[in-house]
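Got your viewer open? Let's take a walk through a protein model, one selection at a time.

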Amino acid sequence: MTVRIEKETHRLKTMIRVSGRLQSTHLDELKTQLEAAQSRIVLDLNGVTLVDVESVRFLNACEQEGVEFLHCWPYIREWMVREKGKEG
């Protein structure tokens with residue numbers, strides 16, 4: 001399975017749903033969707049089944065820029081915390 005990125009825009013928030021395997025090859029498309037958002041961004045990661053290290057680093061950068069996460073799996077969150085520890 002590849003990744004699917006769906007965007008739903010409301011007046012006050014943009015919900016971007018990601019499902020499948022989020023890998024570094026998909027980050028340009030996800031970055032484009034994030035940059036096009038005109039309101040507060042929420043990433044729904046409920047459907048994500050697998051991530052790679054570059055995706056985890058990208059998610060950390062998104063969070064640092066104020067992107068909110070919804071349904072972030074514990075294993076992804078733990079990996080994000082570990083990667084943050086390596087950076088600082």
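Here is a tour of some salt bridges, followed by a look at one helix.

Two notes before you click: this is a predicted model, where local features need pLDDT of at least 70, side-chain atom pairs count only at pLDDT 80 or more, and totals for chains, interfaces and linings use all residues. Residues are numbered from 1 along each chain as its sequence is written, and side-chain values use heavy atoms, with hydrogens and water left out.

**Stop 1: salt bridges**

A search of the whole structure turns up 10 salt bridges (a side-chain nitrogen of Lys or Arg within 4 Å of a carboxyl oxygen of Asp or Glu).

Select arginine 17 and aspartate 44. Their side chains meet in a salt bridge, 3.9 Å from N to O. Arginine 17 sits in strand β2 (residues 13-22) and aspartate 44 in strand β3 (residues 40-51), so this pair links distant parts of the chain, 27 residues apart. Helices (H or I, at least four residues) and strands (E, at least two) are DSSP runs, numbered from the N terminus. Is aspartate 44 buried or exposed? Aspartate 44 is buried, at 9% relative accessible area, while arginine 17 is partly exposed at 30%. (Buried means under 20% relative accessible area, exposed over 50%, partly exposed in between, using a 1.4 Å probe and protein chains only.)

Next, pick arginine 40 and glutamate 68, whose side chains form a salt bridge at 2.4 Å, N to O. Arginine 40 lies in β3 and glutamate 68 in strand β4 (residues 68-70), so the pair ties together parts 28 residues apart in sequence.

Now try glutamate 63 and arginine 77: the closest N and O atoms of this salt bridge are 2.8 Å apart. Here helix α2 (residues 53-64) holds glutamate 63, and helix α3 (residues 74-87) holds arginine 77.

Add Glu54, Arg57, Glu83 and Lys86 to see one network, joined by salt bridges that share partners.

**Stop 2: helix α3**

Show α3 alone. Its end C-alpha atoms are 20 Å apart, which agrees with the 20 Å expected for 14 residues (1.5 Å times one less than the number of residues).

Which residues of α3 are buried? They are Ile76, Met80 and Glu83. These cover an arc of only 65° around the axis, which puts them on the same side of α3; the arc is that of the directions from the helix axis to the C-beta atoms. An α-helix has 3.6 residues a turn, so residues three or four places apart point the same way.

Flip to the other side of α3 to find Pro74 and Gly85 exposed.
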